[in-house]
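Subject: the structure, plus what turned up in it

Hi,

Here is the structure I wanted to pass on to you. Have a look at it first, and then read on for what I found.

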Amino acid sequence: QGQLVESGGGSVQAGGSLRLSCAASGYSFSSYCMGWFRQAPEKEREGVAIIYIGYDNTAYADSVKGRFTISLDNAKNTLYLQMNSLKPEDTAMYYCAAGPWRICYSDSWREDYRYNYWGQGTQVTVYS
């Protein structure tokens with residue numbers, strides 16, 4: 001059984017930056033679509049970004065395009081989410097997830113039920 005462990009969350013002023021990390025053990029990135037999701041209080045969990053290492057395929061939610069960047073370091077078995085120009089509406093618990101690699105080539109990548117493995121989450125709070 002693999003494990004996903006997020007870190008890097010915190011409180012930041014609007015306009016600031018954070019970099020989230022997700023340490024993956026027991027996973028081969030070539031077999032999985034890796035993603036970041038977030039869930040704000042009283043809201044549904046939403047897909048933020050995904051990446052598949054095989055073809056360096058990425059996709060982003062419209063709300064974060066141009067501000068967030070997802071990346072992988074295969075040597076370190078770590079997934080990242082660089083978040084710039086943060087807004088108060090980015091406040092949420094952020095989760096990394098792993099699912100079948102085909103998800104990364106599907107319009108359904110935003111559907112959280114398609115992912116098999118999840119981390120415990122890291123809180124991001126953006127204040128104005």
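Below are my notes, going from the strands to the cores, the salt bridges and the surface.

One caveat before anything else: this is a predicted model.

**Around β5**

I'd start with β5 (46–52). Six of its seven residues are buried, so the strand is largely enclosed by the rest of the structure. On one side of the story is β4 (residues 32–39), which runs antiparallel to β5 and is joined to it by five bridges. One pairing to click on is F37, whose bridge partner in β5 is G47. The β4–β5 hairpin has six residues between the strands, and E42 in that hairpin takes a positive phi near 65°.

Then there is β6 (57–60). β5 and β6 also run antiparallel, with four bridges joining them. Here Y52 has N57 as its bridge partner in β6. Four residues sit between the strands of this hairpin, and D56 has a positive phi near 55°. So both hairpins are worth a glance if you check backbone torsions: E42 for β4 and β5, D56 for β5 and β6.

**The cores**

Which residues have the most contacts inside the largest nonpolar core? They are W36, L81, M83 and Y94, in a core of 30 residues. Seven strands each supply at least two residues of this core: β3 (18–25), β4, β5, β7 (68–73), β8 (78–83), β9 (92–100) and β11 (122–127). There is also a second, separate core of ten residues, with I50, Y52, A59 and I103 among them.

L81 is a good residue to centre your view on. Leaving aside neighbours within four places in sequence, L81 is in contact with L18, R19, L20, W36, V48, A49, F68, T69, I70 and Y94. 

From the second core, I picked I103. I103 lies in the loop between β9 and β10, and it is buried, with a relative accessible area of 7%. Again leaving aside neighbours within four places in sequence, its contacts are C33, W109, R114 and Y115. I103 and I51 are 52 residues apart along the chain, and their C-alpha atoms are separated by 9.7 Å.

**Salt bridges**

The count comes to six salt bridges. Here are three of them:

- E46 with R38: the closest N and O atoms are 2.6 Å apart. E46 is partly exposed, at 33% relative accessible area, whereas R38 counts as buried, at 5%.
- R45 with D112: the N to O distance is 3.2 Å. R45 is in the loop between β4 and β5 and D112 in the loop between β9 and β10 (117–118), so the pair ties together parts that are 67 residues apart in sequence. R45 is partly exposed at 27%, and D112 is partly exposed at 23%.
- D62 with K65: the closest N and O atoms are 3.2 Å apart. Both D62 and K65 are exposed.

The first pair also belongs to something bigger than a pair, since R38, E46, R67 and D90 are linked in a network of salt bridges. If you are setting up charges, that network of R38, E46, R67 and D90 is one place to look.

**At the surface**

Where does Y55 lie? Y55 is in the loop between β5 and β6, and it counts as exposed because its relative accessibility is 65%, the cut-off for exposed being over 50%. Together with W101 and Y105, Y55 forms a nonpolar patch on the surface, with about 370 Å² of accessible area for the three together.

**Towards the N terminus**

Last one: V5, in strand β1 (residues 3–7). V5 counts as partly exposed, at 35% relative accessibility. Outside its neighbours within four places in sequence, V5 is in contact with S21, C22, A23 and Q120. V5 and Y117 are 112 residues apart along the chain, and the separation of their C-alpha atoms is 11 Å.

That's everything from me for now.

Cheers

Terms used. Residues numbered from 1 in each chain as written. Predicted model: local features only at pLDDT ≥ 70, side-chain atom pairs only at ≥ 80, totals over all residues. Heavy atoms only, no water. Patch = residues over 30% accessible without salt bridge, like charges linked within 9 Å, V, L, I, M, F, W, Y side chains within 5 Å. Areas by Shrake-Rupley, 256 points an atom, 1.4 Å probe, with all protein chains shown as cover. Salt bridge = Lys/Arg side-chain N within 4 Å of Asp/Glu carboxyl O. Buried < 20%, exposed > 50% of the residue type's maximum accessible area, 1.4 Å probe, protein only. Pairing = 2+ DSSP bridges. Core = buried A, V, L, I, M, F, W, Y, C linked by side-chain atoms within 4.5 Å. Contact = heavy atoms within 4.5 Å.
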